[in-house]
Amino acid sequence: MQRFSQLYADLDRTTKTNAKVQAMVDYFREVPPEDAAWAVFFLTGQRLKRLISGRVLRDWALNATGLPEWLATDAHAAVGDSAETVSLLVDQSLVEPSGEVLSLSRWMEERILPLRGQSAEGQEALVTDWWHHLPCAEIFLLNKLLTGGFRVGVSKLLVVRALAEVADLPRPAISHRLMGQWQPTADWYRKLLDPDTADDDRSRPYPFFLASPLEQEPEELGPVGDWLAEWKWDGIRGQLIRRAGEAYLWTRGEELVTERYPEFVAIAEKLPDGVVLDGEILAWDEDGVMPFSVLQKRIGRDKIGPKILKEAPVGFLAYDLLEDDGEDLRPLPQAERRRRLDAIVEAVGKPLMVSALIDAQSWADLAEIRAESRSRRVEGLMLKRRSSAYGTGRQRGDWWKWKIDPLTIDAVMIYAQAGSGRRANLFTDYTFAVWKEDALVPIAKAYSGLDDGEIRELDRWIRRNTIERFGPVRSVTPHHVFELAFEGINASTRHKSGVALRFPRIARWRTDKKPADADTLEQVKALLDL
């Protein structure tokens, strides 16, 4: 636990990529496999289901320290994070270092995980006793693990880099082994670093290849004939796998969702064995693609009944072939993979669908076609270099997403809430409203789009202009207008405004406008027809 705490501190104190990778390499080379396995689990973004809430931890801290509740409340408001607040409240002068130093794996398996079977009183007694034997940094880390809020500033790709260096293996091999379902055990970690790269997990998907936003003029990419163009679909990225007579459906979030989409099992059963398709899960009926809001009815449901199957029909639209007859096709050129995909789709027939390629003689032709995106309920175009292999993660140069310009509205900020992590002491999460007659109606929340200087300036203003407090949320004077950008808009009975914005973010701070200049709800609803 001490070593993992030190790794967390090393990663948190630097923004340099190479320094982060080296810190992880040093850690993995030093610790035993059982500890390394749990470290990989947490560093790659896996989290335990929350054992104890932050509010409960703060209450336990008050009981353990005898501090007044107002002090804990003010401390939490200033710090913004329960795990850190508690670690600071525990009186370090009373800490009695334990003679037994437990490893990360023993902490997880002998202490933290068994808490789930304890009564609330038993949990409190154990956790507060642990606090009195740990330094502040380890209390903080323990609290993060207990609340399921552990995050650290490294991407999965950096973890892969570190593990590949430790194992002296190609990065794609490590990436592939980290996909799918696994348990953080010593045996699993040894297999992760095994020099024999012939994997035998028949359900395991491949790491997804991600496109980069096209920020330059498309003509800069070279001749249009060097590229395959297709629509950018607004669904859930997935891989449909057929191996050893079984079917598996994985999402880009590495979630196995086969049982949520029984329609796709029937599709997979028609595929030849040893095939992996990359594609899009879409709400789809006899008229074609449906709004993403329809697909949301299927997301998160473990049981799919006849009613949902009827209300939210789905389709799988394939656009790449990653494996055929058990052969990994990712090194092949995009055009060749597409040719083989088309052959499989033609042989299988309905209900398997393929994303149509768009024929264009020039970039100007493609730009005209792209303008049809909203009417087709798509997000723009995908551009894929004909000669490109299927990579891992977001590698710029071969796959681009040429999205349509976002929709925008002008809205007034009415609520603010503190952020998390390094921005826990700043107000960074905002709620915006538009006019409905003489009242402001909440329309969206957003927390990205401002630079650090703007955030600090706005934070100072929020603190001076708070009207009311509702727990962590502050109601502020309606004064500042912001331009919000978003990808789409749908009617919604769940929202007071009657509409839901898709991926709202701050486009710019409209210091040139007054609250009265903000848009009306009627103007926003007019966008539903676009």
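How many of the 530 residues of the protein chain count as buried? In this predicted model, the share is 50%. That makes a handy starting point for a walk through the fold, going from the chain as a whole to a few helices and then to single residues.

The protein chain is built from 19 helices and 22 strands. Its radius of gyration comes out at 26 Å, close to the 24 Å that the globule rule gives for 530 residues, so the chain is as compact as a globular protein of that length. Laid along its principal axes, the C-alpha trace spans about 75 × 65 × 50 Å. A good deal of the contacting is done across long stretches of sequence: of the contacts between residues at least 6 apart, 70% join residues at least 24 apart. On the outside, about 26,000 Å² is exposed, and carbon and sulfur atoms supply 48% of that area. As for charge, there are 72 positive and 82 negative side chains, with the centres of the two sets lying 2 Å apart.

Now for the helices, beginning with α6. This helix runs over residues 82-89 and is mostly covered, with six of its eight residues buried. The buried ones are S82, A83, T85, V86, S87 and L89. What do they pack against? Their partners are four other helices: α4 (54-65), α5 (69-79), α8 (120-131) and α9 (136-147). At the N-terminal end of α6 sits a cap, D81, which places a side-chain oxygen 3.2 Å from the backbone nitrogen of A83.

Past α6, the loop that leads to α7 (104-112) holds L102. Is L102 buried or exposed? Its relative accessible area is 6%, under the 20% cut-off, so L102 counts as buried. Setting aside neighbours within four places in sequence, L102 is in contact with M1, W107 and R111. By way of contrast, D201 is 99 residues from L102 in sequence and 33 Å from it in space, C-alpha to C-alpha.

Helix α11 (residues 171-178) has six of its eight residues buried, so it is largely enclosed by the rest of the structure. Those residues are A173, I174, S175, H176, R177 and L178, and they pack against α3 (33-43), α10 (156-167) and α12 (186-192). After α11 comes G180, whose phi is positive, near 80 degrees.

Two glutamines give a view of buried polar side chains. The one in strand β4 (residues 236-243) is Q239, and it is buried with a relative accessible area of 0%. A polar atom of its side chain lies 2.7 Å from the backbone oxygen of Y206. Y206 also turns up among the residues that Q239 touches beyond four places in sequence, together with P205, P207 and F208. Further along the chain, that list goes on with Y248, L249, W250, V276, L277, D278, L322 and Y390.

The other glutamine, Q334, belongs to helix α16 (residues 334-348). Its relative accessibility is 1%, so Q334 counts as buried. The side chain of Q334 makes a polar contact of 2.7 Å with the side chain of R337. Which residues does Q334 touch, not counting those up to four places away in sequence? The list runs L228, Y319, D320, K384, R385, R386, S387, S388 and W399. A389 is another residue to look at here: 55 residues separate it from Q334 in sequence, yet the two C-alpha atoms are 5.9 Å apart in space.

Last come two glutamates with a backbone oddity. Most residues other than glycine have a negative phi. E254, in the loop between β5 (246-251) and α13 (262-268), has a positive phi near 60 degrees. E437 also has a positive phi, near 60 degrees, and lies in the loop between β15 (427-436) and β16 (439-446). At 76% relative accessibility, E437 counts as exposed.

Methods
Residues numbered from 1 in each chain as written. Heavy atoms only, no water. Buried < 20%, exposed > 50% of the residue type's maximum accessible area, 1.4 Å probe, protein only. Contact = heavy atoms within 4.5 Å. Polar contact = N/O pair within 3.5 Å; in protein donor to acceptor, adjacent residues only side chain to side chain. Rg over C-alpha atoms; globule rule 2.2 N^0.38 Å. Areas by Shrake-Rupley, 256 points an atom, 1.4 Å probe, with all protein chains shown as cover. Lys, Arg positive; Asp, Glu negative; His and termini not counted. Charge placed at Lys NZ, Arg CZ, Asp CG, Glu CD.
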